[in-house]
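The exercises below are meant to be worked through with the sequence and the structure side by side. Try each task first, and only then read its solution.

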Amino acid sequence: MVDISVHELNKYYGANHVIKGIDFEIYSGEKVGLLGKNGSGKTTLFKILSGIESYESGAVSKANGRKIEMLDQIPVFDEKYTVEDILYLSFKEILNIYNEMKKIEGDDTPSILAKYGRLMEDYERLGGYETEVKIDKICSGMNIDETMRKILFSSLSGGEKTRVNLARILLRDCDILLLDEPTNHLDLQSLGWVEKFLNEFSGTIFVISHDRAFLDNVIDRIIEIDDGKLNFYEGNYSYYVEEKERRFLSQTELYEQQQKKIRQLETAAKRLHEWAKQSDNAKLHRRAFAIEKRIEKMDKIEKPRTGQKIAEGFGDSGFSGKEIILLNSVYKAYGGNNLLNGINLKIYRNDRIALIGANGCGKTTLVKLIINEEICDSGDVKVGNSARTAYMPQIIEFENNELTVLETLRHFMELSEERARNILAGFHFKAKDVFKKVGSLSGGEKSRLKLCLLMQNNINFLILDEPTNHLDIESREWIEDAVYDFNGTILFISHDRYFLSKFADRIWDLKNGEITEYIGGFEEYAEKISKTTDKQNTNDNNNANKQKPLVMPVNLSFKQPKKIKRFEELEKLIAETEEEIKNINIEMESSEIERDHKKLNFLYEDKQNLENTLNFMYDEWLNLSQDK
């Protein structure tokens with residue numbers, strides 16, 4: 001059954017053609033990821049599907065009777081609503097019935113008693129008695145404790161509001177979920193819980209996400225939007241990466257083959273024109289024109305495009321000492337809440353440490369103590385004399401929002417305009433982009449510019465607070481490339497499990513004011529947590545069914561579509577065709593054929609037909625070779 005169908009959809013913003021005649025279908029129960037660069041039209045497409053945005057032409061249809069919910073921007077709620085009030089909004093129909101029952105309780109009039117009975121049946125049918133259980137389950141998984149449930153929603157931080165709004169959406173009894181960046185602002189425990197919930201969800205999921213681990217663990221099909229058009233991949237993110245590379249190589253080969261064919265045809269047409277002039281033969285001219293017309297009508301293969309990586313790197317400078325940071329009995333509290341309770345740890349030269357923990361547990365506070373933006377209540381933080389520190393905060397701001405990107409870099413360093421523009425081009429600020437005011441930049445653009453500024457200093461200790469937040473996958477890979485080439489010490493806060501897996505060689509797990517240190521990478525940490533969780537579940541539930549670990553490691557496996565293999569037949573046909581082409585080439589190069597224009601034309605035509613056939617066989621062979 002088709003849940004969502006889109007046909008020839010076009011969307012413009014002024015003269016900007018954002019969505020260009022796209023077609024796709026999503027079937028019941030599918031879990032589909034929508035990928036694309038920031039600004040490629042992903043959120044616009046979601047808004048069209050949910051009915052928020054209009055479109056110029058095409059058709060959008062959804063299955064009758066299927067209830068759809070969308071996680072996008074946070075709705076505006078009544079200022080008096082608490083978090084609990086927001087969560088109960090998911091059961092509006094049940095609440096209405098409950099309130100109606102309350103109004104007529106105690107009235108023993110027969111007609112009222114009959115009405116009360118009907119209301120009770122509806123209340124039970126809609127799951128009214130399970131409402132509390134459902135809310136408690138969601139709140140437990142999303143780290144929404146009893147205290148937070150009583151707080152006014154309007155007083156929450158942006159990340160907390162996003163978390164509560166996601167919980168509200170997940171509580172809705174719907175058939176189709178449209179989720180725009182559902183893992184933003186979630187800690188690792190909540191991430192694992194949401195993935196488990198969505199894997200068990202029986203309905204249809206269409207999700208925009210730049211969280212590559214999430215895409216691997218939840219998604220089984222990917223649609224990529226590129227320049228307003230769609231590409232389709234029948235697998236999760238890891239499959240998408242490999243298949244995209246395979247398609248790139250295949251298209252590159254086909255493009256090069258076609259370009260070679262075009263050059264051959266152009267050479268043949270040019271030669272025929274020359275022969276026609278020498279012999280004053282109009283027929284040869286017509287033949288040459290026919291070849292040129294064939295070139296014009298040829299369905300041109302587009303030259304494959306590759307994303308440009310960040311070209312600039314960090315300065316190369318090491319520490320003279322082995323110990324870089326010493327945390328000595330560090331205590332820090334806010335409003336009676338002990339965030340850091342006697343921390344004693346060291347950071348050594350060339351360490352790559354991931355600082356993880358639930359949102360609000362004190363990770364950013366610890367970082368600010370290290371960079372001297374906060375003061376310890378007791379204890380101290382000692383920084384090595386040779387440390388040259390750069391800090392990239394989670395929320396990026398610049399001194400003067402009225403300056404352009406170009407002016408900001410030139411103000412930061414004394415550079416010529418030409419040199420500054422060359423540096424900015426390495427971070428994809430080109431042409432008119434350098435004249436954007438920094439206050440108007442998107443979150444991803446701000447991250448790129450901040451990283452650009454950091455890279456201009458000769459630093460050796462890099463501190464990153466959620467460096468991949470708000471970035472599309474390509475931008476995340478740019479930052480990863482830059483960080484990978486950095487030869488100094490790194491301390492970073494992140495919930496991006498790909499980033500964690502790639503860079504961490506030590507894990508600092510901050511919980512209840514204490515840091516537990518794990519030596520090794522993130523996957524080793526996740527495995528240890530998994531074993532601990534399994535053991536606790538066994539003890540707590542008397543060998544009952546084990547729960548999935550809340551921290552889910554990166555799953556690099558992927559699901560490949562099955563294809564019929566006919567390698568032996570294809571290889572035989574390819575070999576025979578190549579031999580025929582080879583024989584034609586030999587014949588065309590003979591001195592006798594060069595003077596026989598008619599025969600030469602026939603040979604050219606035969607050769608072109610054979611090469612066309614060969615191209616199709618190569619394409620099939622390359623496709624099948626992936627599953628061999």
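**Exercise 1.** Which residues of helix 1 are buried?

*Solution.* Begin with the ground rules: this is a predicted model in which local features need pLDDT of at least 70, side-chain atom pairs count only at pLDDT 80 or more, and totals for chains, interfaces and linings use all residues. Residues are numbered from 1 along each chain as its sequence is written, and side-chain values use heavy atoms, with hydrogens and water left out.

Next, fix the terms: buried means under 20% relative accessible area, exposed over 50%, and partly exposed in between (1.4 Å probe, protein chains only). Helices (H or I, at least four residues) and strands (E, at least two) are DSSP runs, numbered from the N terminus.

With these in hand, the buried residues of helix 1 turn out to be Lys42, Thr44, Leu45, Phe46, Lys47, Ile48 and Leu49. Helix 1 spans residues 42–50, and because seven of its nine residues are buried, it is largely enclosed by the rest of the structure. Just after helix 1 comes Gly51, with a positive phi of about 90°.

**Exercise 2.** Find where Ser329 and Ala431 lie, and decide how accessible each of them is.

*Solution.* Ser329 is not a glycine, and yet its phi is positive, at about 50°. It belongs to strand 10 (residues 323–334), and its relative accessible area of 31% makes Ser329 partly exposed.

Ala431, also a residue other than glycine, has a positive phi near 50°. Its place is the loop between helix 14 (417–425) and helix 15 (443–455), and with a relative accessible area of 52% Ala431 is exposed.

**Exercise 3.** How many disulfides does the structure hold?

*Solution.* A disulfide is counted when a pair of cysteine sulfur atoms lies within 2.5 Å, and by this test the structure holds zero disulfides. As for accessibility, Cys361 is buried at a relative accessible area of 13%, and Cys376 counts as buried at 17%.

**Exercise 4.** In what order do the six strands of the open sheet lie?

*Solution.* Two strands pair if DSSP finds at least two bridges between them. The six strands follow the order 14-15-16-12-17-18, with mixed pairing. Strand 14 (389–392) and strand 18 (514–519) stand at the edges with a single partner strand each, so one side of each is left without a neighbour in the sheet.

Within this sheet, strand 12 (residues 352–356) and strand 17 (residues 506–511) pair in the parallel sense over four bridges, and Ile353 has Arg506 in strand 17 as its bridge partner.
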